[in-house]
Amino acid sequence: MKEKFGNVDIEKALEEAEKEANDPNTKYYSHEEVFDSLRGIINGEK
């Protein structure tokens, strides 16, 4: 069954996410890293 939510094929998106999660080269960021980066963007630092 191929159903879509809006323009997103959920099954395809989940498969892509699973591949990336299993990739040993995938970099995961801590919430501190994410929010520090966002603060920098908001403050015009990056």
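**Exercise 1. Classify Glu-32 and find its polar partner in this predicted model.**

*Solution.* Start with the location: Glu-32 is part of helix H2. Next, take its relative accessible area, which is 44%. Buried would need under 20% and exposed over 50%, so Glu-32 is partly exposed. Finally, look at the side chain of Glu-32, which is in polar contact with the side chain of Ser-30 at 3.2 Å.

**Exercise 2. Check whether the lengths of helices H1 and H2 agree with the expected rise per residue.**

*Solution.* Begin with the inventory: the protein chain has two helices and zero strands. Now take H1, which has 13 residues; at 1.5 Å a residue it should span 18 Å. The expected span counts one less than the number of residues. The end C-alpha atoms of H1 are 18 Å apart, so expectation and model agree. Repeat this for H2, residues 31-42: its 12 residues should span 16 Å, and its end C-alpha atoms are indeed 16 Å apart.

**Exercise 3. Describe what happens at the start of H1 and just after H2.**

*Solution.* At the start of H1, look for a side chain that reaches back to the backbone. A side-chain oxygen of Asp-9 comes to within 3.2 Å of the backbone nitrogen of Glu-11. Then move past the end of H2 and read the backbone torsions: Gly-44 has a positive phi of about 75 degrees.

**Exercise 4. Find the salt bridges and say how accessible their residues are.**

*Solution.* The cut-off is a side-chain nitrogen of Lys or Arg within 4 Å of a carboxyl oxygen of Asp or Glu. Applying it gives two salt bridges.

- Lys-27 pairs with Glu-33, with their closest N and O atoms 3.7 Å apart. Lys-27 has 48% relative accessibility, so it counts as partly exposed. Glu-33, at 38%, is also partly exposed.
- Arg-39 pairs with Asp-36, with an N to O distance of 3.2 Å. Both are in helix H2 and three residues apart, which means about one helical turn separates them. In an α-helix there are 3.6 residues a turn, so residues three or four places apart point the same way. Arg-39 is partly exposed at 47%, and Asp-36 is partly exposed at 47% too.

**Exercise 5. Two residues of the loop between H1 and H2 are Thr-26 and Tyr-29. Which is buried and which is exposed?**

*Solution.* Take Thr-26 first. Its relative accessibility is 16%, and the limit for buried is under 20%, so Thr-26 counts as buried. Its side chain has a polar atom 2.5 Å from the backbone oxygen of Glu-20. Now turn to Tyr-29: with a relative accessible area of 57% against a limit of over 50%, Tyr-29 is exposed.

**Exercise 6. Place Tyr-29 in the wider surface of the protein chain.**

*Solution.* First, list the neighbours. Tyr-29 joins Val-34, Phe-35, Leu-38, Ile-41 and Ile-42 in a nonpolar surface patch of about 630 Å². Then step back to the whole chain, which exposes about 4600 Å². Carbon and sulfur atoms supply 55% of that exposed area. To finish, check the burial: of the 46 residues, 7% count as buried.

Conventions: Residues are numbered from 1 along each chain as its sequence is written. This is a predicted model: local features need pLDDT of at least 70, side-chain atom pairs count only at pLDDT 80 or more; totals for chains, interfaces and linings use all residues. Side-chain values use heavy atoms; hydrogens and water are left out. Helices (H or I, at least four residues) and strands (E, at least two) are DSSP runs, numbered from the N terminus. Patches are made of residues with over 30% relative accessible area and no salt bridge: like charges are joined within 9 Å, nonpolar side chains (Val, Leu, Ile, Met, Phe, Trp, Tyr) within 5 Å. Accessible areas come from the Shrake-Rupley method with a 1.4 Å probe; for residues, only the protein chains shown count as cover. Buried means under 20% relative accessible area, exposed over 50%, partly exposed in between (1.4 Å probe, protein chains only). A polar contact is a pair of N or O atoms within 3.5 Å; within protein, one must be able to donate a hydrogen and the other to accept it, and residues adjacent in sequence count only if both atoms are side-chain atoms.
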